[in-house]
Amino acid sequence: MKIIESERARTVSFSKRKKTLFEDAKKFATQTGADVGVMLFSPGGKPCSYGSTSIEEIIENFLKVKLEDRQRDYVEGQSNGFEALEDLHKELQTCNEKEKKRVLMHKILHPGSEIPRDKHMEDQKLAMKLRVEKIKKETQNSILVEHLKFDLNVAPEPEGEEES
């Protein structure tokens, strides 16, 4: 596919396709009972939308679900930190085994010569180190967030009041 060169033809095509798209969205919503929203902008920048209910409600629900997903993924990421570290550990072991083989082959093929650096291997190890730092930072942040939640949920007893 490519853009329609003629601006007039492009505008006509937009109008026809918009109508068909909105009809298909309405049909989909009717047949499935789903909330459907379609938003687009004309070539001239004019916003157009269709919603089986209010497009604003659909957007609000979409953003709410996305936020909940992000929060869930973040919470799950806390427990997955150990899994991510385990994966990195396995990857590092594989890199170390490859490096040992490379060094051994170099010693066999070029006895007494200096072993050249492996830039690719060094880059991989640096990337792994950065991933470890990222996991470490995320873990520390999640611990801090949990600590703050705990602190905010604890309210001190008012002074001067005694239990009856």
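**Group meeting: a walk through the predicted model**

Let me begin at the surface, where M39, I59, F62 and L63 make a nonpolar patch of about 400 Å². Please keep in mind throughout that this is a predicted model, and that every value I quote is computed from it. The largest share of the patch, 3 residues, is supplied by helix α2, which runs over residues 55–109, while M39 sits in strand β1, residues 37–41. M39 has a relative accessibility of 52%, and because exposed here means over 50%, M39 counts as exposed.

With that patch as a starting point, let me step back to the overall layout. The protein has 3 helices and 2 strands, and reading along the sequence one finds the pattern α-β-β-α-α. Of the 164 residues in the protein, 14% are buried. The accessible surface comes to about 14,100 Å², and 57% of that surface belongs to carbon and sulfur atoms. As for contacts, if we take those with a separation of 6 or more, residues 24 or more positions apart account for 37% of them.

Now to the interior, and to the N-terminal helix in particular. Helix α1 has 26 residues, and from its first C-alpha to its last it reaches 36 Å, which is close to the 38 Å expected at 1.5 Å a residue. Which residues of α1 are buried? They are S13, F14, F22, A25 and A29, and the elements that cover the buried residues of α1 include β1 and β2. Just after the helix, G33 adopts a positive phi of about 75°.

Several of these names return when we turn to the largest nonpolar core, which has 9 residues in all, namely F14, F22, A25, A29, V36, V38, L40, C48 and Y50. The elements giving two or more residues to this core are α1, spanning 7–32, together with β1 and β2, the latter spanning 47–51, and it is α1 that gives the most, with 4 residues. C48 is a useful residue to look at in the viewer: leaving aside residues up to four places away in sequence, C48 touches F14, K18, F22, V38, M39 and L40. M39, one of the residues that C48 touches, is also the strand β1 member of the surface patch with which I opened.

Apart from this core lies another core, of 5 residues, among them C95, M121, M128 and I135. I135 lies in helix α3, and with a relative accessible area of 13% I135 is buried, because the cut-off for that term is under 20%. The C-alpha atoms of I135 and L85 are separated by 7.8 Å, although the two residues are 50 residues apart along the chain.

Let me close with the charged pairs. How many salt bridges are there in the count? The count comes to 5, and I will take up three of the pairs by name.

In one of them, the side chains of R131 and E91 meet with an N to O distance of 3.2 Å. Since R131 lies in helix α3, residues 119–153, and E91 lies in helix α2, the pair ties together parts that are 40 residues apart in sequence. Neither partner is described as buried or as exposed: R131, at 37% relative accessibility, counts as partly exposed, and E91 is likewise partly exposed, with a relative accessible area of 30%.

The other two pairs share R102. R102 forms a salt bridge with E99, with the closest N and O atoms 3.0 Å apart; both residues lie in helix α2, 3 residues apart, which is about one turn of the helix. R102 is itself partly exposed, with a relative accessible area of 23%. D118 also forms a salt bridge with R102, the closest N and O atoms here being 3.7 Å apart. Because D118 lies in the loop between α2 and α3 whereas R102 lies in helix α2, this pair ties together parts that are 16 residues apart in sequence. Taken together, E99, R102 and D118 are linked in a network of salt bridges.

Technical notes: Residues numbered from 1 in each chain as written. Predicted model: local features only at pLDDT ≥ 70, side-chain atom pairs only at ≥ 80, totals over all residues. Heavy atoms only, no water. Patch = residues over 30% accessible without salt bridge, like charges linked within 9 Å, V, L, I, M, F, W, Y side chains within 5 Å. Areas by Shrake-Rupley, 256 points an atom, 1.4 Å probe, with all protein chains shown as cover. Salt bridge = Lys/Arg side-chain N within 4 Å of Asp/Glu carboxyl O. Buried < 20%, exposed > 50% of the residue type's maximum accessible area, 1.4 Å probe, protein only. Core = buried A, V, L, I, M, F, W, Y, C linked by side-chain atoms within 4.5 Å. Contact = heavy atoms within 4.5 Å. Expected span 1.5 Å × (residues − 1).
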